[in-house]
Amino acid sequence: MEFHFDFREVATATMVLFAVIDILGSVPIIIGLRKKVGHIESEKASFVSSIIMVAFLFVGEEILNLIGIDVYSFAVAGSFIIFFLAIEMILGITLYKEDEPESASIVPIAFPLIAGAGTLTALLSLRAEYHVENIIIAIFVNTIFVYLVLKSSKKIEKVLGKNGLNIIRKVFGVILLAIAVKLFAANINELF
């Protein structure tokens, strides 16, 4: 088996996942959960979310094949989801609102917050364009970052403040918007 390490692919996939996961933008939610339920298990949440992401990276395509959808169609659909996530981040609006979680267990943190629908869609969209090994490296880079943010969410909130978090969200929203357009352009031709 040949290993196709490409720093550019790793960097791009890392940026896409960082923007989609939006862990810095989730700091207020994490702090709210911490106030409600006390301690959040950062290690457990990070580990479980990375397992979900890697598993979906490998099994997601088989699931699509089972229901008769090719990766290019999914990538185009994923570009729309990433586009709307970017619009939410840039304009500060909410197009999709999830129910407030009742506890800070693995379910609200690892699975909708970190490895949610947008993240899983982004993974399969990236898989249509990049080598799997580079995406896995990007997943682990993001998992480390998620872990660090979960561990130090109180400090981050103090340092950046509400305005700082909003600026970061908007900057990554613009990056995400550009990535959505690129993803759409790269995969739309394969459908026709």
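Author: Rings of Phe, Tyr and Trp, the last through its six-membered ring, pair if their centres lie within 6.5 Å. In this predicted model, such ring pairs link F18, F145 and F172 into a cluster.

Reader: How many aromatic pairs does the structure hold?

Author: Five. One of them joins F18 and F145.

Reader: What makes the pair of F18 and F145 edge-to-face?

Author: The centres are 4.9 Å apart and the planes meet at 65 degrees. Pairing needs centres within 6.5 Å, and edge-to-face needs planes over 60 degrees apart. Both conditions hold, so the pair is edge-to-face.

Reader: What makes this a link between distant parts of the chain?

Author: F18 sits in helix α1 and F145 in helix α7. The two residues are 127 apart along the chain.

Reader: Why is F18 called buried?

Author: Its relative accessible area is 14%. Buried means under 20%, so F18 qualifies.

Reader: Why is F145 called partly exposed?

Author: F145 has a relative accessible area of 30%. Partly exposed runs between 20% and 50%, so F145 falls in that class.

Reader: How do you know that the pair of F83 and F84 is edge-to-face?

Author: The ring centres of F83 and F84 are 5.5 Å apart, and the planes stand at 80 degrees. That angle is over 60, so the pair is edge-to-face. Both residues are partly exposed: F83 at 31%, F84 at 44%.

Reader: What makes the protein as compact as a globular protein of that length?

Author: The radius of gyration is 16 Å. The globule rule gives 16 Å for 192 residues, so the protein matches a globular protein of that length. The C-alpha atoms fill a box of roughly 50 × 35 × 30 Å along the principal axes. Buried residues make up 43% of the 192. Of the contacts with a separation of 6 or more, 90% are between residues 24 or more positions apart.

Reader: Which elements build the protein?

Author: Eight helices and zero strands. From the N terminus on, the order is α-α-α-α-α-α-α-α.

Reader: Which residues have the most contacts inside the largest nonpolar core?

Author: I109, I114, L123 and I139. That core has 45 residues. Elements giving two or more residues to the core include α1 (7-21), α3 (42-66) and α8. The largest share, eight residues, comes from α7.

Reader: Which residues is I114 in contact with, leaving aside its neighbours within four places in sequence?

Author: Among them are I21, I23, M53 and I109. V146 and L150 are also in contact with I114, and both of these are among the buried residues of α7.

Reader: How do you know that the span of α7 is close to the one expected?

Author: Helix α7 has 20 residues. From first C-alpha to last, α7 reaches 28 Å, close to the 28 Å expected at 1.5 Å a residue.

Reader: Why is S153 called buried?

Author: The relative accessibility of S153 is 0%. The cut-off is under 20%, so S153 is buried. S153 lies in helix α8. Leaving aside neighbours within four places in sequence, S153 is in contact with V27, I30, I31 and R34.

Reader: Why is K162 called exposed?

Author: K162 has a relative accessible area of 70%. Exposed means over 50%, so K162 is exposed. K162 is also in helix α8, residues 153-188. The C-alpha atoms of K162 and P28 are separated by 8.8 Å, with their positions 134 residues apart along the chain.

Reader: Why is V59 called partly exposed?

Author: V59 has a relative accessible area of 42%. That value lies between 20% and 50%, so V59 is partly exposed. V59 is found in helix α3. V59 and L124 are 65 residues apart in sequence and 9.9 Å apart in space, C-alpha to C-alpha.

Reader: What is the phi of D22?

Author: Near 50 degrees, a positive value in a residue other than glycine. Most residues other than glycine have a negative phi. D22 lies in the loop between α1 and α2.

Reader: Why does D22 count as buried?

Author: D22 has 12% relative accessibility. That is under 20%, so D22 counts as buried.

Notes. Residues are numbered from 1 along each chain as its sequence is written. This is a predicted model: local features need pLDDT of at least 70, side-chain atom pairs count only at pLDDT 80 or more; totals for chains, interfaces and linings use all residues. Side-chain values use heavy atoms; hydrogens and water are left out. Helices (H or I, at least four residues) and strands (E, at least two) are DSSP runs, numbered from the N terminus. Buried means under 20% relative accessible area, exposed over 50%, partly exposed in between (1.4 Å probe, protein chains only). A nonpolar core is a set of buried Ala, Val, Leu, Ile, Met, Phe, Trp, Tyr and Cys residues joined through side-chain atoms within 4.5 Å. Contact means heavy atoms within 4.5 Å. The expected span of a helix is 1.5 Å times one less than its number of residues. Rings of Phe, Tyr and Trp (its six-membered ring) pair if their centres lie within 6.5 Å; planes under 30 degrees apart count as stacked, over 60 as edge-to-face and the rest as tilted. The radius of gyration is taken over C-alpha atoms; the globule rule is 2.2 Å times the number of residues to the power 0.38.
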